[in-house]
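Biologist: I have a new model open and would like to learn how to read it feature by feature. Could you walk me through it?

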Amino acid sequence: MRRWTAGIATLLTVITPLTAWGTTPGPRLTADVNRDGLLTHADDAAKSTWTDARGAIVLPNLDDDERRCTVDPADLDAPGRAVDDKLAACNDSADDRINGPRDAADLAPLTIDAQRNLSDHATGTITISPADKARVFPGNTLTAKDLQRGVRLQLEGRDIVRNPKQWDGQITVTLSVTDRGRTGTDVVRMRVATLMLQNDLQRAQTVLAGQPAKGPGWWGGTPPYEDGVPGEWKKFADTLRQATKLQFVKGTPNGWKDMWLQDTFEPATASMPAVGGPHTMRILIRSGNVWDVPGADTPRPAGRLLYRDLRGPDIGIVQELADKASPGLDDLLNMGGNLESLPPYDGYPHGRIVYGSGERHPDPGFITMVTSQGYQPPVVIDTSWLMVGHADETTHVVRANNARGWTLAVADPRLAVQLLRDVQDGDQKLFADTKATYKPTVNELLSTGLQDNEAAAKHIDDQLKILLKATGLHEDELVRLPVFFNKVPGYGLFKAMTPGLVNGLSITDRQFAAPDPHGPRLNGRDVFRQATERALARNGVRVHWVEDFFWAHLGGGEVHCATNALRDTSSTRPWWSGNAASGTSPR
C-alpha cells in the first residue's frame, strides 16, 4: 500500500562546463531527471531543462512528521491573523533538520559523484535559487573528503506555487567545486510538486463531520440545538454513519463552533516519483475566508482546527489569506464548497477545477493560488446569483455508462415543478414529516413560486452552457435531479427551498449520500426521492438518504457542505505523466 508523504516537487537542471577542468572530468550532480526513483547515468541528459516529460521533482515539505507543531487552545478564538501566520509557519520545512525517517522520505535525493583526482585543498558549495524555496541536507558546504568519496544529498522543498508571476515552482541547484585555482560547476533545475485536487469518483477513505459545540455556536444557538438551526445532530450523524460505514467524526471541528467542513478546506495531494510508485502527501487547502470582526479582520477561526486536528505525518496545510476581509457576500465564495473538480477526460488528463464567480467573486490571491498549479485548468461558472454562491449547489460529478465514465448530476428546478404537478393531492404539504415551521402545499408552490423557480432554472441553463462546452458532454447525458428554488427575502438571491439533491457526498463512484428531500408523495412514495433514485440508478449509482434538514439544509447547506472526505488517489495518473492541457503548464 502506498504511503502518504509530504514534500515539495522541484525541477533539477544540470549544466556542466567541462572546459573549466580541461580534460579532467568536472563535478557531476545527479537528480531523478527521468522520474524512475533512481539516480543513474540515465538522468544525465537534459537535466538542465525541466519539461512536462522530463525533470526532477521535489515535494513541498509542509507536513509535521514528529507532531511537534501544537495549537494553544487560546489561539482558537484569538482575533486578527497573527495566530494564523504562526500556525502556517510551523511545519517540517521550517527547521534546519530532518525530522525522522518519515521526513527523510519526503525529500528529493541528489548525488555528487566521487572525484578522486581532487587535492586535499578542494572545496565545494551547493547554491539554491531561489534560496528561500528549498534547503539541502546535510548542508551547503562540502569538504575535499566529501568530494573525493562522493556525497548523497537530500533536497527539501519549502513552499508551493502560489502565483507563477512571482515564482513558477522551479528551483536551480548548483554545485561548484574549486581546486588548484580552477572551478567547475554542474547545475540541476527541479520543480516543486504541484497541488492536485481530488475528485468525487475516487473512493472516500475518511469522511469528516463536525459534532455540535459544547457552548454557544457562532450561529447564536445554544445546546441542545434541537429547537434551532443547526439541530437534530443525532439524526444527521446516525444516517450519515449508516450511509458511509466509515469513521467520520474526526476532531475537526469536534467540540467547536463551525460545522461546515466542506467550506473550511479543500483536500489536494502533492506527489513525486519514487521507487515502487509515487510518494504522495496530502495538502489541505484552507479556505480563503477572512471575516470582518470588530477590532481586527480575522481568518475563519475553524481553519485553525486543521492545524490542531489534521496536520501531522504526511498531511500538510496551506493557506493564502488576504490582509482584509472581503465584502460579506463575496467572502462566501472563498469557501471549499465553491471549489470542485472534474475527473480526467479527453484533452485534460488530470481533470479540471470548477469554481463559481460573477458579480461576486473569490479573493484574487486565494483563487490564484488554487488555479495556478498548472495541471487542472479552471472552468468558471456564475454562482453569484445564489445566496451562498457555491459551485456544489447546482452540479455534482457522478459515474456514467458513457465513454468517459462520468457525467454531471444537475439541480433541475423545472423537473421539480413537473413532479409537483404529478402529485394528485395539491393540498399535500412538503416537509410534512419534519419539525419545520414552514410546510408549503403543492398548490401553494405551483401558484406563487414558479416565477423565481424559473429564474433559477435559467441561471442553471447558463452554467450548463459553459460546462457542456468545456467538457464535451451532451444534454442527454446529464442526470437531472429535482430541486425547487426560491429567493431569499431582502437579498434577491436564490437558495434551494427543497433540499439540494445534487449537494450530496459521493462515498464511492457507485454510492451517493444525498439529503432526504421530504417531498410530496404519490401512491405513498416521495416523488423527489423516487425520481432521484431512478435517475442515478441508470448510471449504476445507489442513493443513501441522509437526514440533514435541520442540521444543514435550513442553514443554507446540505450533506456535502457539512462533510468533507479524504479520498483514495493512488490509482490516479501522476501529475507529471502525460502532457498538461495546452497552455496551462507553468514553464
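Biologist: Let me start with a tryptophan: is Trp 576 buried or exposed?

Modeller: Keep in mind from the outset that this is a predicted model. To sort a residue, compare its relative accessible area with the cut-off, where buried means under 20%. Trp 576 has a relative accessible area of 11%, so this residue is buried.

Biologist: Where does Trp 576 sit along the chain, and which residues does Trp 576 contact?

Modeller: Trp 576 belongs to the segment after strand S30 (563-567). Leaving aside neighbours within four places in sequence, its contacts are Arg 35, Asp 52, Ile 57, Ser 271, Met 272, Pro 273 and Pro 278. Take Ile 57 as an example: 519 residues separate this partner from Trp 576 along the chain, yet their C-alpha atoms are 9.1 Å apart.

Biologist: How do contacts over long sequence distances figure in the whole chain?

Modeller: Look at the contacts with a separation of 6 or more: 75% of them join residues 24 or more positions apart. The chain has 587 residues, 59% of which count as buried. Its accessible surface is about 23,000 Å², and carbon and sulfur atoms account for 50% of that. As for secondary structure, there are 12 helices and 30 strands.

Biologist: Arg 35 was among the contacts of Trp 576. What is notable about the phi of Arg 35?

Modeller: Its phi is near 65°, a positive value in a residue other than glycine. Arg 35 lies in the loop between strand S1 (29-31) and S2. With 11% relative accessibility, Arg 35 counts as buried.

Biologist: Which class does Arg 180 fall into, buried or exposed?

Modeller: Arg 180 counts as exposed because its relative accessibility is 54%, and exposed means over 50%. Its phi is also positive, near 55°. You will find Arg 180 in the loop between S8 and strand S9 (182-192).

Biologist: That brings us to the sheet. How should I read the strand order?

Modeller: The general idea is that strands of a sheet pair through backbone hydrogen bonds, either parallel or antiparallel. Here five strands form an open sheet in the order S2-S9-S8-S4-S6, with mixed pairing. Strand S2 (56-58) and strand S6 (141-142) are the edge strands, each pairing on one side only. For a pair to inspect, try S4 (residues 123-129) and S8 (residues 170-179), which run antiparallel and are joined by seven bridges. To get the register, find Thr 127, which stands opposite Thr 174 in S8.

Biologist: Where are the cis peptide bonds that lead into Pro 130 and Pro 138?

Modeller: Check omega. The bond from Ser 129 to Pro 130 is cis, with omega near -5°, and Pro 130 is in the loop between S4 and strand S5 (134-137). The bond between Phe 137 and Pro 138 is cis too, with omega about 10°. Pro 138 is in the loop between S5 and S6.

Biologist: What is the nearest side chain of opposite charge to Arg 311, and how far away is that side chain?

Modeller: Asp 64, at 4.8 Å. A salt bridge needs a side-chain nitrogen within 4 Å of a carboxyl oxygen. Arg 311 is buried and has no salt bridge. Its side chain does reach the backbone oxygen of Cys 90, at 2.5 Å. Arg 311 is in the loop between helix H6 (304-310) and strand S16 (315-318), and its contacts beyond four places in sequence include Leu 62, Arg 67, Cys 69 and Ile 317.

Biologist: How do I read the packing of a helix?

Modeller: List the buried residues, then see what they touch. In helix H9 (residues 413-422) the buried residues are Pro 413, Leu 415, Ala 416, Val 417, Leu 419 and Leu 420. They pack against several elements, including strand S21 (406-412), helix H10 (442-448) and helix H11 (450-471). At the start of H9, a side-chain oxygen of Asp 412 comes within 3.0 Å of the backbone nitrogen of Arg 414.

Biologist: And finally, why does Asn 539 count as buried?

Modeller: Asn 539 counts as buried because its relative accessibility is 11%. Asn 539 lies in the loop between helix H12 (527-537) and strand S29 (542-546). Residues up to four places away aside, Asn 539 touches Arg 399, Ala 400, Asn 401, Thr 407 and Val 479.

Note on methods
Residues numbered from 1 in each chain as written. Predicted model: local features only at pLDDT ≥ 70, side-chain atom pairs only at ≥ 80, totals over all residues. Heavy atoms only, no water. Helix = DSSP H or I, 4+ residues; strand = E, 2+ residues; numbered from the N terminus. Buried < 20%, exposed > 50% of the residue type's maximum accessible area, 1.4 Å probe, protein only. Lys, Arg positive; Asp, Glu negative; His and termini not counted. Polar contact = N/O pair within 3.5 Å; in protein donor to acceptor, adjacent residues only side chain to side chain. Contact = heavy atoms within 4.5 Å. Pairing = 2+ DSSP bridges. Areas by Shrake-Rupley, 256 points an atom, 1.4 Å probe, with all protein chains shown as cover.
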